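Let's take a walk through this one, starting with the space in the protein and then turning to what sits in it.

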Amino acid sequence: MTLLKVKPVSAERLPELLRRMPKAELHMHIEGSLEPELMFALAQRNGLAMAYPDVASLRCAYVFDDLQSFLDIYHAGTLVLRTEQDFYDMARAYLVRAAADKVLHAEIFFDTQTHTGHGLSSDLVITGLHRACVDARAEFGMSASLILCFLRHLSEAEAFECLEQAVPLLDKLVGVGLASSEMGHPPEKFARVFARARALGLRLVAHAGEEGPPAYIWSALDVLKVERIDHGVQAIKDPALMVRLARDRIALTVCPLSNLKLRVFPSLAQHNLGRLLDAGIVATVNSDDPAYFGGYINQNFSQTFAALGLTAQHAYQLAHNSFEASFIDDAQKRRYIDRLTATFETFD
Ligand code: HPA
Ligand code: ZN
């Protein structure tokens, strides 16, 4: 794909360009955007006790060894969400933050199974999140859509039940995804659920190759027939898979600070984002669970660029990739990419 040849930008000015650059965020879990301050406020509003005395001590607990150690804390945080307004407020807080980071379009993951497991209805969850997306369009001029993630540690039958509960609200969803504990839960466990989602007209993505092997990426592509891979950084271990991803322009929604906090890479300087781009892969930068991993999308960009010595040309490529890989229509993609290009052409 022919891209703009970007003017060089100094290391001092690059963070400002990264902040101002229009972008899409394609991999963030709305429950992972719940900041401790809002968590305490919702607990109080709902008359619930928190396991930690204050915000500071809760934040101190955010130290993880791997994906599972994070998922345990993440799940505990979701217990404060009880009403439609809670889901609205959580999504609203993220969208305000995203708009400030020049996110023009967000595709937001959520999981109803966590909340139905706490006695809430899928309808309440989806309605609250969707109302925040509609308001963000009117107020910030940004687009936002919802992707329902199945929890892969639960059964196929439970995923089917989750999907069927969402069918009356299908117009409020753009797609389905697959999240939670990866190891031991290969994508093919959900082949029939994804086939049903596809028949319903939903777009398909899945987490694969975050901690799990390249084989999980292959089966997400070939069995689930997903259009993007969430994370996918383990693809680097399989040269044939790298060729496939590049050839078919299968985007990877990479989350560098998440990978750092969950110890997928020992340091950001050892992250493979630059190598993925060099291999011609449609990589994007995303925040995953920003309240837990130390940063929203712009912090993911600035810290990763500093650690890897990436350039303005990489920045343009990553932002371009984010619009290309999104589930918006081609005319809207064109408009967003034109704004991106204009930002780079006028930046000095
Ligand atoms: N991986 C898998 N499941 C998740 C994640 C993640 O990074 N964040 C929230 N659920
Ligand atoms: Zn994720």
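Helices are DSSP runs of H or I with at least four residues, numbered from the N terminus. A pocket, worked out on a 1 Å grid over the protein atoms alone, is an open set of points where a 1.4 Å probe fits, with protein on both sides within 12 Å along at least five of seven lines; its lining residues have an atom within 4 Å of a point. This is a predicted model, where local features need pLDDT of at least 70 and side-chain atom pairs pLDDT 80 or more, while totals for chains, interfaces and linings use all residues. Residues are numbered from 1 along each chain as its sequence is written, chains are lettered from A and ligands numbered from 1 in written order, and side-chain values use heavy atoms, leaving out hydrogens and water.

Start with the largest pocket: H4 gives the most to its lining, with seven residues. Both H4 and helix H6 (112-116) supply at least two lining residues each.

Now for the occupant. Ligand 1 takes up the space of the largest pocket, sitting there in the sense that more than half of its atoms lie within 2 Å of the grid points. Around ligand 1 (a heavy atom within 4 Å) you'll find, among others, His29, Phe70, Tyr74, Ala179 and Asp288. Helix H4 (residues 67-77) is again the top contributor, giving four residues to this shell.

What about polar contacts, meaning pairs of N or O atoms within 3.5 Å? A ligand 1 nitrogen is 2.8 Å from a polar backbone atom of serine 180. A nitrogen of ligand 1 is also 2.8 Å from a side-chain N or O atom of glutamate 210. Histidine 231 brings a polar side-chain atom to 3.3 Å from a ligand 1 oxygen.

Technical notes:
Polar contact = N/O pair within 3.5 Å; in protein donor to acceptor, adjacent residues only side chain to side chain.
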